[in-house]
Number of protein chains: 2
Amino acid sequence: MSGSWRSFGDEPLPAPLAAALSAFAEQGYHGTSIRRIAEKAHLSVPGLYHHYPSKQALLEGLVTTVMQELLDRSGQAVEEAGPSAQRRFDHVVECLLRFHMHRRRQAFIASTEIRSMKPEVRDSYIALRDEQQRMLDRIVEQGVAEGVFATAYPLDASRAVTTMCVAVATWFRPDGELGPDQVVERYLSLARATVRAGSA
Amino acid sequence: MSGSWRSFGDEPLPAPLAAALSAFAEQGYHGTSIRRIAEKAHLSVPGLYHHYPSKQALLEGLVTTVMQELLDRSGQAVEEAGPSAQRRFDHVVECLLRFHMHRRRQAFIASTEIRSMKPEVRDSYIALRDEQQRMLDRIVEQGVAEGVFATAYPLDASRAVTTMCVAVATWFRPDGELGPDQVVERYLSLARATVRAGSA
DNA sequence: GGATACCGACCGACCGCTCGGTCTGTACCG
DNA sequence: CGGTACAGACCGAGCGGTCGGTCGGTATCC
């Protein structure tokens with residue numbers, strides 16, 4: 001379906017994951033006790049462990065699904081954009097921005113709790129994250145090769161653009177003064193400038 | 001002294017702070033036990049408490065000094081730049097970049113452990129951080145007013161530039177393939193592009 | 001009656017922190 | 001110059017409490 005990467009019907013997380021999400025976002029992984037998560041999920045501690053085998057499994061359940069979703073949406077966004085580097089770039093950046101506004105807490109946890117992941121969880125997360133970065137890298141390189149982007153440092157610019165999009169998750173608030181569409185407009189303009197896109 | 005904001009003679013931290021720094025950087029605040037810090041400092045637990053009254057005091061000792069130092073250096077950098085918005089911008093960005101390479105672990109902890117700070121520590125840290133942001137905000141606004149920066153969104157561009165400079169602390173490695181001077185050259189170019197500075 | 005969904009009670013380990021000391025100086029007194 | 005007084009630096013042992021996780025159940029549904 002066209003543009004489906006743009007829409008976020010808020011399918012609810014299972015109660016234990018939703019509880020872990022809000023607790024981790026507030027206190028961090030190590031700062032959150034399993035009892036606090038159980039309490040937020042309206043469950044006893046053994047009740048919680050009936051659904052998830054460990055605290056680490058809760059973190060894993062949050063971060064692997066979220067990165068996979070981002071990757072899927074980005075793939076759709078690029079595919080829909082067609083061959084133009086400019087359009088591909090715009091679509092991926094918009095996708096990154098919308099994702100980090102609508103999934104802000106999951107994305108925030110995934111990027112800040114890397115240290116708390118056990119090696120296998122961390123490795124698979126980083127692999128997905130690198131794949132996401134390379135997707136944008138290739139687009140910027142394509143744009144530079146075609147002469148539509150004029151940056152002298154394509155890979156650094158690509159990383160910088162990703163960084164500023166990801167950082168949106170740290171300050172965006174649904175009830176803030178800027179709505180998602182305004183943020184997309186502004187940050188798309190900034191991202192284009194960073195790679196020195198031809199248009200204004 | 002001219003350019004003193006550029007030079008980082010590595011004055012060593014007191015042993016307990018150095019130990020806390022490396023432990024917090026590896027495991028995070030809540031993921032680090034006081035015993036682990038004591039071990040790294042070659043001290044017993046009571047020996048550690050002889051120097052610092054609490055675990056929180058170690059965190060405070062790391063984050064308040066580091067933000068104050070950044071603010072001091074930025075002030076010097078701006079002052080040395082004179083009245084030109086372009087030169088002021090360049091100096092502050094270079095200062096941010098060099099700081100986040102040379103003080104990367106302190107800066108990383110300060111920005112990632114905000115949740116772990118007790119309210120008074122957090123409040124004073126955030127006040128310093130905001131002051132740093134406003135310093136760059138005013139420069140970008142000045143540049144836009146004078147017509148040397150063409151960005152349509154000065155405050156968003158200013159935040160984006162800060163974000164990409166701060167993020168350098170998360171990936172820069174002293175033994176990496178890019179040295180500090182190269183990073184400054186590249187990111188200064190990116191930062192100028194982001195605010196649409198007149199020069200190439 | 002088996003599977004699913006839970007819970008009260010509990011476990012060993014570890015948490016941040018403190019108690020009651022022991023050292024090694026160093027300063028001053030006679 | 002020996003002796004006393006004191007302070008800073010440090011530690012073994014252990015405090016009350018919380019941690020992640022588990023055991024042995026019960027209630028409910030198909």
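These legends walk through several views of a predicted model.

Local features here need pLDDT of at least 70, side-chain atom pairs count only at pLDDT 80 or more, and totals for chains, interfaces and linings use all residues. Residues are numbered from 1 along each chain as its sequence is written, chains are lettered from A and ligands numbered from 1 in the order in which they are written, and side-chain values use heavy atoms, with hydrogens and water left out.

**View 1. Chain A is built from nine helices and zero strands.** Helices (DSSP runs of H or I, at least four residues) and strands (E, at least two) are numbered from the N terminus. Following the sequence, you will meet the pattern α-α-α-α-α-α-α-α-α.

**View 2. The C-alpha trace of chain A spans about 60 × 35 × 30 Å along its principal axes.** The radius of gyration is 18 Å, which agrees with the value near 16 Å for a compact globule of 200 residues. This radius is taken over C-alpha atoms, and the globule rule is 2.2 Å times the number of residues to the power 0.38. Of the contacts in chain A with a separation of 6 or more, 71% join residues 24 or more positions apart; a contact means heavy atoms within 4.5 Å.

**View 3. Ile37(A) sits among the residues with the most contacts inside the largest nonpolar core.** That core has 118 residues, and Phe89(A), Ile37(B) and Phe89(B) share this distinction. A nonpolar core is a set of buried Ala, Val, Leu, Ile, Met, Phe, Trp, Tyr and Cys residues joined through side-chain atoms within 4.5 Å. Buried means under 20% relative accessible area, exposed over 50%, and partly exposed in between (1.4 Å probe, protein chains only). Leaving aside residues up to four places away in sequence, Ile37(A) touches several residues, including Pro16(A), Phe24(A), Leu48(A) and Leu58(A). In chain A, buried residues make up 52% of the 200 residues.

**View 4. His42(A) has a positive phi of about 55°, although it is not a glycine.** Look for His42(A) in the loop between helix 2 (34-40) and helix 3 (45-51) of chain A. His42(A) counts as exposed because its relative accessibility is 72%.

**View 5. Arg196(B), a residue other than glycine, has a positive phi near 55°.** You can find Arg196(B) in the segment after helix 9 (180-194) of chain B. With 22% relative accessibility, Arg196(B) counts as partly exposed.
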